[in-house]
Structures are given as structure tokens and as C-alpha cells.
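Colleague: Please take a close look with me at one buried corner of this model. Start from a single residue and work outwards.

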Amino acid sequence: MDQSKEQRILNTVSYNAVKGDPESVMKCIDKYCSQYEWAMNVGDEKGLILDKIVEEADPSVVLELGTYCGYSAIRIARLLKPKARLLTIEFNPEFASIAKEIIDIAGLSDKVTILEGHSEDIIPQLKKKYEVETLDFVFLDHWKERYAPDTVLLEECGLLRKGSILLADNVVFPGAPEFLKYVRNNQRFECTSYPSHLEYMQVEDAMEKAVYLG
Ligand SMILES: O=C(NCCCCc1cc2ccncc2s1)c1cc(-c2ccc(F)cc2)cc(O)c1O
Ligand SMILES: [Mg+2]
């Protein structure tokens, strides 16, 4: 059976990237996906916005929803301080195993834990099973119609604290209208829009930052 696109992305990383160098892994993925096969990585343009917001927050505990090939997990984890950690949830087993290998090539396996399953099933387990107290930073990049219900779930599970930062990808394209409506009309969130473009395309997109005010 011929390989999947994600397998081809792993091949190009394992062949061309410098082991233990996250930047070279990111560059390799961005080069491949802009020149050969489009893929839904956050990409370099929105990635630079993500970098700045992560650096400013300097989070100790990060949750990512939607691992895919691990590009944004690497992007975030490379900026974290030594003891900080990133938990990332992926429901597709093939994506999870490819992401694991790519994160390993980047040398970031000790900072990143991939949790396989659906966000709505795993989020309620974070406190007891994964020893999370509260989340400093959440990157939402999974099913766009899950952004709003999972934000409610995170709050209900007591995982947000005063100052917790939610950053959502694709709020313009493919779009997350319910999420925008929810956080922008909710006094418990302070929202900021970051206009950008869809990864590797000239299509308008944006990321939305929503800071939880407690
Ligand atoms: O769907 C997207 N991303 C989520 C994939 C769903 C993965 C999931 C992970 C998970 C974990 C836990 N529970 C449940 C889930 S579901 C996505 C799609 C596009 C796009 C843009 C233009 C197109 F023409 C076509 C697609 C661009 C993007 O940046 C995306 O992030
Ligand atoms: Mg995305």
C-alpha cells in the first residue's frame, strides 16, 4: 500500500533534518509542505505569532489539542524552560505515531507527551491521571467545532486559572465562529485577534488569543 502524506513528511524529516535540532525539523517540514504537498501544520507565518505569545507567557504546563505531525508541538516545546512540559492530544493513531517520531528527531521527547484519544475524553483525566493542576497555555488546533465545547470543558474541569492563555488556530479559515462568539461575548475572557494567512497559502486566516480572567 503506498505511503500516506504524513509518512512522506516523516521521511523527509528523518532524511534531511539535523537530529536534535528543532529549527531544522520545522524548516524541513515547511519546505516540503510549501513545495510539494500542502499539510495542515500551523506553518511559519502563524508560527512566528505563536512563538511570540509563548515566549511572552513562558508557560510551565502547556496543553495542545490536535498534534497532527508534531510541528506546533516542536515549535512550542523548543521555547519551554527545562522543567516545563507540553501535553498534546491526538485522536488519529497514525498521526500520533508519526508525530512521536518527528518530535524524537527534534530531540524534544522529554518535554512532550502525546496523549492518544478524543479531547472530550482526555481533558477530564488531566488532573488525576496526568497530574495537571492548572494549564498555563492551551493551543487549540483540532476540530474547529470542538474549540468552544472544549473551552467550556477546560473551565468546568478547573484547569484554567487567572491568566491562563488560550490560543486558537484557524479562527478565520476553516473558521471557528462559535468559539469566537463564545470567548468574545464572555467577560471571563480578554480576547485579541492576530490576522495572518492559512499555512503555505495566500488565503486569509487568523489566530485568536483569549486570556482567562478567572
Ligand atoms: O482541521 C484542521 N485541523 C484539525 C484536524 C482534526 C484533528 C483532531 C485532533 C483531535 C484531538 C483530540 N480530539 C479530537 C481531535 S480532531 C485544520 C484544517 C485546515 C484546512 C485548511 C484549508 C483546507 F482547505 C482544508 C483544511 C487547516 C488547519 O490549520 C487545520 O488545523
Ligand atoms: Mg490549524
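Colleague: Is Thr67 buried or exposed, and what is its relative accessible area?

Modeller: Thr67 is buried, with a relative accessible area of 2%. The cut-off for buried is under 20%, so Thr67 qualifies. Bear in mind throughout that this is a predicted model.

Place the residue first. Thr67 sits in the loop between β1 (61-65) and α4. Now look at what it touches. Leaving out residues up to four places away in sequence, the contacts of Thr67 are Thr88, Ile89, Glu90, Ala99 and Ile114. Strand β2 covers residues 85-90 and strand β3 covers 112-116. Ala99 takes us to helix α5, where it is one of the buried residues.

Follow that helix. Helix α5 runs over residues 93-105. Its 13 residues should span 18 Å at 1.5 Å a residue, and its end C-alpha atoms are 19 Å apart, which agrees. Its buried residues are Phe95, Ala96, Ile98, Ala99, Ile102, Ile103 and Ile105. One general point helps in reading that list. An α-helix has 3.6 residues a turn, so residues three or four places apart point the same way. The cover over the buried residues of α5 includes two strands, β2 and β3. It also includes helices α1 (5-16), α2 (22-35) and α4 (71-77).

Check both ends of α5. At the start, a side-chain oxygen of Asn92 comes to within 2.8 Å of the backbone nitrogen of Glu94. Just after the helix, Gly107 has a positive phi of about 80 degrees.

One of the covering helices deserves a stop. Thr12 is in helix α1. Its relative accessibility is 13%, so Thr12 counts as buried too. Among residues beyond four places in sequence, Thr12 touches Ala17, Cys28 and Tyr32.

Back to β2, which leads to the largest pocket. Both β2 and α9 supply at least two residues each to its lining. The volume of this pocket is about 420 Å³. Of the 21 lining residues, the closest to its centre are Met40, Asp141, His142, Trp143 and Lys144.

Asp141 is the link to the metal. The magnesium ion (ligand 2) has three protein donors: Asp141 (OD), Asp169 (OD) and Asn170 (OD1). They lie 2.0 to 2.2 Å from the ion. Asp141 is in the loop between β4 (135-140) and α8 (147-156), and Asp169 is in the loop between β5 (160-168) and α9 (171-175), so the pair ties together parts that are 28 residues apart in sequence. The sequence spacing of the donors reads D-x27-D-N. Asp141 and Asp169 are both buried.

Take the helix after Asp141. The buried residues of α8 are Tyr147, Ala148, Asp150, Thr151, Leu153 and Leu154. They pack against β1, α6, β4, β5, α10 (177-184) and β6 (189-197). Strand β1 is also one border of the Thr67 loop. Just after α8, Gly158 takes a positive phi of about 70 degrees.

Now the helix after Asp169. Pro174 is in helix α9. The peptide bond from Phe173 to Pro174 is cis, with omega near 5 degrees. Phe173 also meets a loop further along the chain. Val203 is 30 residues from Phe173 in sequence, yet their C-alpha atoms are 7.9 Å apart. Beyond its neighbours within four places, Val203 is in contact with Phe173, Ser196, His197 and Leu198.

Val203 lies in the loop between β6 and β7 (204-212). Its relative accessible area is 30%, so it is partly exposed. Tyr200 is in the loop between β6 and β7 as well. Its phi is near 60 degrees, a positive value in a residue other than glycine. At 23% relative accessibility, Tyr200 counts as partly exposed.

Last, go back to the other side of β1. Asp58 lies in the loop between α3 (43-57) and β1. Its phi is near 45 degrees, again positive in a residue other than glycine. Asp58 counts as partly exposed at 36% relative accessibility. Thr67, by contrast, lies in the loop between β1 and α4, and is buried at 2%.

Notes. Residues are numbered from 1 along each chain as its sequence is written. Chains are lettered from A and ligands numbered from 1 in the order in which they are written. Side-chain values use heavy atoms; hydrogens and water are left out. Helices (H or I, at least four residues) and strands (E, at least two) are DSSP runs, numbered from the N terminus. The expected span of a helix is 1.5 Å times one less than its number of residues. Buried means under 20% relative accessible area, exposed over 50%, partly exposed in between (1.4 Å probe, protein chains only). Contact means heavy atoms within 4.5 Å. A polar contact is a pair of N or O atoms within 3.5 Å; within protein, one must be able to donate a hydrogen and the other to accept it, and residues adjacent in sequence count only if both atoms are side-chain atoms. Donors are N, O and S atoms within 2.8 Å of the metal (3.2 Å for Na, K and Ca); water is not among the atoms, so sites may look incomplete. On a 1 Å grid over the protein atoms alone, a cavity is a set of points where a 1.4 Å probe fits but cannot get out, and a pocket is an open set with protein on both sides within 12 Å along at least five of seven lines; lining residues have an atom within 4 Å of a point. Grid points are joined across faces, edges and corners, and a volume is the space filled by probe spheres set on the points.
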